[in-house]
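Colleague: Could you zoom in on one part of this model for me? I'd like a close look at a sheet and what sits against it.

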Amino acid sequence: MKYFPYDMYIAQNTETTSDEQLEQLERQWLQNGRQYGEIYQSLSERLPEEVHRYFSKLGFHDYRLLKVDIEHESLLRSNAHFTLARNGDDIANRAQWMLTLENISFFQFEHHNYDNPRPIMHPEIDDWLFEEFTSVDDTTISLEVLFGSGGNIRIHFPDKSIRIERIK
């Protein structure tokens with residue numbers, strides 16, 4: 001993540017970070033947010049209108065990732081599906097959403113807390129923190145998502161090949 005990196009997030013949530021460091025981090029976070037806002041806005045014609053509008057607000061911030069599925073027709077035709085639910089809702093009655101990315105050309109996963117004996121956040125609770133949509137080239141977009149657990153997923157997909165739907 002270029003604009004919302006995990007190490008910066010952790011530093012803001014660590015008790016040993018000084019007030020001066022926190023102020024510096026906050027200034028950097030705001031600057032990064034403004035820069036990312038410009039990048040995101042430049043993708044408005046390349047994302048479906050409802051997706052662009054959804055992520056212009058809070059998107060899935062603080063939603064719990066329930067499942068990731070890779071639907072494989074062939075290695076040339078694969079789709080990624082993220083099933084998410086809003087935190088705080090009654091588990092039995094919580095609304096669920098599916099974010100689908102079609103015809104993905106790249107999928108990368110890493111976990112920043114995999115071997116960390118003292119993680120700041122719980123390494124097995126995958127709450128969606130931040131996302132970055134960026135341009136890969138003239139026809140391909142990258143979506144990178146950082147989770148509170150330290151998990152990070154990056155996927156490339158063609159323009160307009162993403163959708164959000166309520167499934168429950």
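Modeller: Here's the sheet, followed by a stop at one asparagine. Quick caveats: this is a predicted model, where local features need pLDDT of at least 70, side-chain atom pairs count only at pLDDT 80 or more, and totals for chains, interfaces and linings use all residues. Residues are numbered from 1 along each chain as its sequence is written, and side-chain values use heavy atoms, leaving out hydrogens and water.

The sheet is open and has four strands in the order β1-β2-β3-β8, with antiparallel pairing (strands are DSSP runs of E, at least two residues, and helices runs of H or I, at least four, numbered from the N terminus; two strands pair if DSSP finds at least two bridges between them). β1 (63-74) and β8 (162-166) are at the edges with a single partner strand each, so one side of each has no neighbour in the sheet. On average, neighbouring strands here are turned by 20° against each other, direction ignored (axes are lines fitted to C-alpha atoms, for helices over the stretch in contact, and angles run from 0 to 180 degrees between N-to-C directions).

Strand β3 (residues 96-101) and β8 run antiparallel, joined by five bridges, and methionine 98 sits opposite glutamate 165 in β8. Packed on the sheet is helix α3 (residues 49-56), which touches β1, β3 and β8 and makes about 75° with the direction of β8 (contact means heavy atoms within 4.5 Å).

Now the asparagine: asparagine 152 belongs to strand β7 (residues 151-158). Asparagine 152 is buried, at 4% relative accessible area (buried is under 20%, exposed over 50%, partly exposed in between, with a 1.4 Å probe and protein chains only).
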